[in-house]
Amino acid sequence: MLESCAENGFEENGLSGKDQQMRKQRYQKILPLFMAGLLVWAGGCTPKEASAPVESAPESKAYLENSGEEETLILAQWSLDRSGISALEEIAEKYGADYPQTQVEILTLENEEALLARLQGGEQIDLCELTGETAGSLVRQGSIKELSPYLETWLGADTLSSTAKQAVEQLCLLPCSVKQEALYYRKDLFDGIAVTINGKLVELPVPGTWEEVDLAVKNLPEDCAGLAVSGGEGLLDLLDAVLWSNAGLSGVESSNTAAYYLADGKTIFSLERTEKAMSLFTSLIKADVPSEALSWTEEEALNAFLEGKTAMLLADRTASQKISQELPENAWGVTGYPSGAMGKAVLSSGFTGWGIPVSGASAETAAHFLFFLSSDDNNTHFAKVMDEMPIHISAPLVDSFFKEPRRKVFVEMATQGEKYKPAAIPARYEAYEGFREEADARIRQTLSGELSEKELLSWLDDYWQKAYEQEGKLWKEK
């Protein structure tokens, strides 16, 4: 059984007014000690990013409250296995012990389509599991509750990862699953290769930058030198990461929701520095990625890596499960996503998470339970059971499970919010509908020579300038 929220001191129970302020003061007294321990483990985690104190909230800010009335919350999920459902039931039972007037019923559906059908049919659903793409559509329709106002008053926000905050601000989701890529490499193929760097003969370094990825490709044996990517659907995400990481986010006002826009509504695609980053992207793909990888699925990219056809692979945490079964422990490794000229890896992540339909019967109580479910101890327990990424940077201190080698690098990427910075396409715009497909086609035309780099940038600039002119500014100032 999980520890009770009263015992560990981290749980947010939706208190408001004087009681919440007193509890906040107590929490802030222990926070510096907690963060000092975390920094020792994380090695480079930025205190400002991880532990900015929550200011006292005025009356106009959103508070988490349970009304105390008899209510039944319907929580709909479709992806959890039996162990995940049991963990969810356990947390719901724990909540019921504190709030016996609120019943949480877990509704298991066969897929997301079935969930949407029930929502469209008017059935009561107060909290539901959604993919990022579906949540984005619901955000554009105004059908899902905004969660970001609660981050200003929720004590758990102090340890929430940058990636989780991005999901809240961009898609109104608190994640239960995060898809974040890292760089896998074949140690057995890197071993014994020497290169000259700054006049010195050294071992071929494990790539930490795009420049070092290129260096590895140029020095590895030709039959295994490439970088495997799932280009069938992931070309736009790779382009975004290379552009953001090399051109930087200077002038971008809200990287969490609209990283294509500068503060004045102009786009990053109009900048000279983005032209240089675009040239790096095309040269990287042409020189370092096998041509057939432009149509690979995630499984095909993984198999090419396992078969030794490529020495490197961009993939998320789940790839390590199969790699560890197929390859000896000393034959492979995983490191953080490559950084660019700005010294940072700026990339988008995929999410599945919990959202609150505005049509639900008990939206405020649903929010209160959701943030209880997402506290550091509850989420860490749930993530361990599901072998998913936790959403709190405190997770490795709560449970050493997240210090294990095949998980550690992904937790480090989540905790080192300055080095591995999340960013997002402006998914709240109606113009986002169909954009990915059209952008993918034009990227392929550029790589084949049918379209120039400048023509691709011009199209991207025109596309999002038109969106801004038609829909206005849909992001919040920071």
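Q: Rings of Phe, Tyr and Trp (its six-membered ring) pair if their centres lie within 6.5 Å; which residues do ring pairs link into a cluster?
A: This is a predicted model: local features need pLDDT of at least 70, side-chain atom pairs count only at pLDDT 80 or more, and totals for chains, interfaces and linings use all residues. Residues are numbered from 1 along each chain as its sequence is written, and side-chain values use heavy atoms, with hydrogens and water left out. The cluster linked by ring pairs consists of W244, Y260, Y261, F269, Y429, F435, W459, Y463, W464, Y468 and W475.

Q: What kind of aromatic pair do W244 and Y260 form?
A: The structure holds 24 aromatic pairs. For W244 and Y260 the centre-to-centre distance is 6.2 Å, with 45 degrees between the planes. Planes under 30 degrees apart count as stacked and those over 60 as edge-to-face, so the W244 and Y260 pair is tilted.

Q: How many residues separate W244 from Y260 along the chain?
A: W244 belongs to helix α10, whereas Y260 is in the loop between α10 and α11 (272-288). Helices (H or I, at least four residues) and strands (E, at least two) are DSSP runs, numbered from the N terminus. The pair thus links distant parts of the chain, and the separation is 16 residues.

Q: Are W244 and Y260 buried or exposed?
A: Buried means under 20% relative accessible area, exposed over 50%, and partly exposed in between (1.4 Å probe, protein chains only). W244 has 1% relative accessibility, and Y260 has 0%. Because these values fall under the 20% limit, both count as buried.

Q: Which helix gives the most residues to the largest nonpolar core?
A: A nonpolar core is a set of buried Ala, Val, Leu, Ile, Met, Phe, Trp, Tyr and Cys residues joined through side-chain atoms within 4.5 Å. The largest has 113 residues, of which Y184, M312, I323, F435 and W464 touch the most other members. With 9 residues (it spans 231-247), the top contributor is helix α10.

Q: How many disulfides does the rule count?
A: A disulfide is a pair of cysteine sulfur atoms within 2.5 Å. C172 is buried at 0% relative accessible area, and C176 is buried at 8%. The disulfide count is 0.

Q: Which residue lies over the face of F305?
A: A charge sits over a ring if NZ of Lys or CZ of Arg is within 6 Å of the ring centre and within 35 degrees of the ring normal. The distance to the ring centre of F305 is 6.0 Å. The residue over the face is R186.

Q: Which strands are at the edges of the open sheet?
A: Two strands pair if DSSP finds at least two bridges between them. The open sheet has 4 strands in mixed pairing, ordered β8-β9-β5-β10. Pairing on one side only, the edge strands are β8 (226-228) and β10 (333-335).

Q: In what sense do β8 and β9 pair?
A: Strand β9 (310-315) pairs antiparallel with β5 (182-185) over 4 bridges, with A182 opposite A315 and Y184 partnered by L313. Burial covers 6 of the 6 residues of β9. With β8, 3 bridges join β9, and T310 partners G226. The sense of the β8 and β9 pairing is parallel.

Q: Which residue takes a positive phi in the hairpin of β6 and β7?
A: Strands β6 (194-197) and β7 (200-203) run antiparallel, joined by 4 bridges, and V195 has V202 as its bridge partner. The hairpin leaves 2 residues between the strands. The residue with a positive phi, near 55 degrees, is N198.
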